[in-house]
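Here are a few exercises to work through with the structure in front of you. Try each task before you read the solution under it.

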Amino acid sequence: MRKLLKWGGIALVLFMVLIAGAVVLVPMFVDVQRYKPEIEALVTNQTGRQFTMGDDIRLSFFPWVGVRLSDLALGNAQGFGKEEMVSVKAFEVRLKVLPLLLRKVQVDTFVVDSPQIRLVKNSAGKGNWENIGPAKSADQPPAAETETGANESAGGGLPVASLLVEKFSIANGMLSYADQASGMAREISDLNLTLTDISLDKPVTIDFSAMADGMPLSVSGTAGPIGKEPGKGDLHLDLAIRVLDTLALALKGRIIQPMGAQEVDLAMDLAPFSPREVFDRLKQPFPVETSDPNVLAKLSLKAGVKGSAKAVTLSDGMAVLDDSTLTFSVSAKDFEKPDIGFDLNLDTIDLDRYLPPPGKAGTSGPAAGQASPGKAARPDYTPLRKMVVDGKATVGNLKAANLRMENIVARITGKNGVFNLDPFSVDLYQGRAEAKARLDVRQNRPAARLNLNAGNIQAGPMITDAVQKNLIEGTLAADVALAMTGDTPDQIKKSLGGEGILTFTDGAVIGVDIAGTIRNLSSGLGLGEKTAQKPRTDFAELKIPYTADQGLVNIPNASLVSPLLRLAARGKTRLAEESLDFRVEPKLVATLKGQGDTKQRSGLLVPLVITGTYAAPKVRPDLKAMVGGQVPDAEGIKQMLKGKDGRGDSVEDKAKSLIKGLFN
């Protein structure tokens, strides 16, 4: 036993002496410069590109094995210029010797100084990075494929017991790309990457910064640990990403088994920023023009992201756009369909602020007077036929097309090309509307159905907001059913069908005195003296029933009941031609008893025939059908048609103004 220990001690001493000798003597007697041409020739032969090294070459052996190289350069392929494809100002690496005996890697320094990579694609579409490798002769057989045996990957772990890198650094890097055919050029400069405390069982600290085409980009935080079997365990992330010094994105969570399940579970937080400011910094025009130039000035986003290659879920989401806040959850799976579910809750939004300014919508089409380059391509509904959707959306306050709505609730479901909106409800103008809708795109020409029931809606403010005209007042109730096919306005007009009724109560028709328009000459085409007030016809009830078939809308018996007259209308309109064919028959009430007026009122009533189009209606009195009084002579009729004084609004002018206002 003593002899064993003795000889063991002697062997250890000899080993230490040999190491000490190597540390002292090898750097003294090994001429590293002697091998420089051989190294350059070897790399040149293996890459097919000219390779050169600087004279500053240093080696160390103990306690750190290290090498330092300088001015490394890999030339360009023939035809791509004399500038090097890859160059490095300095490269240095040092690792400890003794831990290697125990399969422990301890790296003190790994530094790459000023690496520069220039990638170029010429006008023929060939890149200077292609075909890197040793030149092959025509008769050289292809290299035999190496069989990846089980021994290489047995266990799946690293061939080291531990890893520790105190500093990994890339400083002042540059990566450029140029496409000579398109003229596109991109460059990442001032690239700096520092990784500290690299190990298998602790998170790695990351500090990255660069200029992407002159725009600042940075990433900081931690990632890891990677574990002894990289890719098989979860990779934890806690990163802060900044772009343009304006966009700040925080990611915290984990990548689950990057080499296995490949799933993510992250919390995403995009800090408030201005989209307009981002485009200003990019020196690019803002992609949309809005009616309000102050919108799209603030945007932020938070959400939890879970997903894999098969499904993605966004949960506990919150997006803030200007003055609007949206909370949401969204899921998607079977991406080839896809199958989408969502739950959206928006507090308030004014959509009109985000639309193009008046007169600029739709300006992207052919200019006036120019022929369209060809028929517009028919919409392809194939993606919709595959899609599966099941979602709910609520909106607290919405303004759109100048209409104001509240408490909107919508449920959308769809599968196999059939989509349903059921239920849909909205509060508007002191009333409420409920609807069900169905869209069927299983055929090349889509089909749609709508059922709407509304009540207690104040029609005056609603119509004034919608068309910027004061046409009618009163409380509106509606029971409407519509069906249509097609995806163009012309197809929809020609196919429209359905039935329903609109009822206005306790209101008024604004802009025309119907009774005054249809009365006789002796009353001056008006009931009483003219006033400065805008003409109007008060009514207790106005009913407009309709039926529609193939774009032909029939109104069989519309009626207006006012304190002074009764009015019935019937006729039809063809939506595609925008044609009118109506007859309006008035009946005057003798007194206004109950209205504070007992004066007898009678006169000649003038039935009206309305023809023409929506834009140019033709209104004429049906003189043969006049009833209820003495028929005036020819001069009286002439004066009646012109107006009381021969210059005022005639029956036709007043009625035409009303009709044009209603249809336009």
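**Exercise 1.** Decide whether Ile 117 is buried, partly exposed or exposed in this predicted model, and find out which surface patch Ile 117 belongs to.

*Solution.*
- Start with the location: Ile 117 sits in strand 6, which covers residues 116–121.
- Next, look at the accessibility. Ile 117 has a relative accessibility of 34%, so this residue counts as partly exposed. The cut-offs at work here are under 20% for buried and over 50% for exposed.
- Now look for partners on the surface. Ile 117 joins Leu 175 and Ile 188 in a nonpolar patch, and together the three have about 200 Å² of accessible area.

**Exercise 2.** Stay in strand 6 and take Arg 118. Is Arg 118 buried or exposed, and which residues does Arg 118 touch?

*Solution.*
- Arg 118 has a relative accessible area of 15% and is therefore buried.
- Within the strand's own stretch of sequence, the side chain of Arg 118 makes a polar contact with the side chain of Gln 116, at 2.6 Å.
- Leave aside residues up to four places away in sequence, and Arg 118 touches Glu 83, Glu 84, Met 85, Ser 87, Asn 128, Met 174 and Ser 176.

**Exercise 3.** Say how many salt bridges a search of the whole structure finds, then follow a few of them.

*Solution.*
- The count comes to 21 salt bridges.
- Take Arg 58 and Asp 56 to begin with: their side chains meet in a salt bridge at 3.0 Å, N to O. Asp 56 has a relative accessible area of 26%, so Asp 56 is partly exposed.
- Move on to Arg 254 and Asp 234, whose side chains meet in a salt bridge at 2.7 Å, N to O. Arg 254 is in strand 12 (residues 247–256) and Asp 234 is in the loop between strand 10 (215–223) and strand 11 (235–243), so this pair ties together parts that are 20 residues apart in sequence. Arg 254 is partly exposed, because its relative accessible area is 29%, and Asp 234, at 26%, is partly exposed as well.
- Now try Lys 493 and Glu 578, which form a salt bridge of 3.5 Å, N to O. This pair links distant parts of the chain, 85 residues apart: Lys 493 belongs to helix 7 (residues 489–495), while Glu 578 is in the loop between strand 27 (565–574) and strand 28 (579–588). With a relative accessibility of 30%, Lys 493 counts as partly exposed. Glu 578 is partly exposed too, with a relative accessible area of 30%.
- Last, look for shared partners: salt bridges join Asp 56, Arg 58, Arg 68 and Glu 92 into one network.

**Exercise 4.** Work out where Ser 562 lies and which residues Ser 562 touches.

*Solution.*
- Ser 562 is in the loop between strand 26 (552–561) and strand 27.
- The relative accessible area of Ser 562 is 4%, so Ser 562 is buried.
- Not counting residues up to four places away in sequence, Ser 562 touches Asp 538, Phe 539 and Ala 540.
- Compare sequence with space for another residue: Asp 506 is 56 residues from Ser 562 in sequence, and their C-alpha atoms are 9.0 Å apart.

**Exercise 5.** Check the backbone: which peptide bonds leading to Pro 225 and Pro 338 are cis, and what is phi near in Ser 114 and Leu 296?

*Solution.*
- The bond from Gly 224 to Pro 225 is cis, with omega near 5 degrees. Pro 225 lies in the loop between strand 10 and strand 11.
- The bond from Lys 337 to Pro 338 is cis, with omega near -10 degrees. You'll find Pro 338 in the loop between strand 16 (324–333) and strand 17 (339–350).
- Ser 114 isn't glycine, yet its phi is positive, near 55 degrees. Ser 114 is in the loop between strand 5 (104–113) and strand 6, and at 16% relative accessibility Ser 114 counts as buried.
- Leu 296 has a positive phi near 60 degrees. Its place is the loop between helix 4 (275–281) and strand 14 (299–307), and Leu 296 is buried, with a relative accessible area of 16%.

**Exercise 6.** Step back and describe the protein chain as a whole: how many helices and strands are there?

*Solution.*
- The chain has 10 helices and 30 strands.
- Of its 664 residues, 33% count as buried.
- The accessible surface is about 39,500 Å², and 57% of that belongs to carbon and sulfur atoms.

Technical notes: Residues are numbered from 1 along each chain as its sequence is written. This is a predicted model: local features need pLDDT of at least 70, side-chain atom pairs count only at pLDDT 80 or more; totals for chains, interfaces and linings use all residues. Side-chain values use heavy atoms; hydrogens and water are left out. Patches are made of residues with over 30% relative accessible area and no salt bridge: like charges are joined within 9 Å, nonpolar side chains (Val, Leu, Ile, Met, Phe, Trp, Tyr) within 5 Å. Accessible areas come from the Shrake-Rupley method with a 1.4 Å probe; for residues, only the protein chains shown count as cover. A salt bridge is a side-chain nitrogen of Lys or Arg within 4 Å of a carboxyl oxygen of Asp or Glu. Helices (H or I, at least four residues) and strands (E, at least two) are DSSP runs, numbered from the N terminus. Buried means under 20% relative accessible area, exposed over 50%, partly exposed in between (1.4 Å probe, protein chains only). A polar contact is a pair of N or O atoms within 3.5 Å; within protein, one must be able to donate a hydrogen and the other to accept it, and residues adjacent in sequence count only if both atoms are side-chain atoms. Contact means heavy atoms within 4.5 Å.
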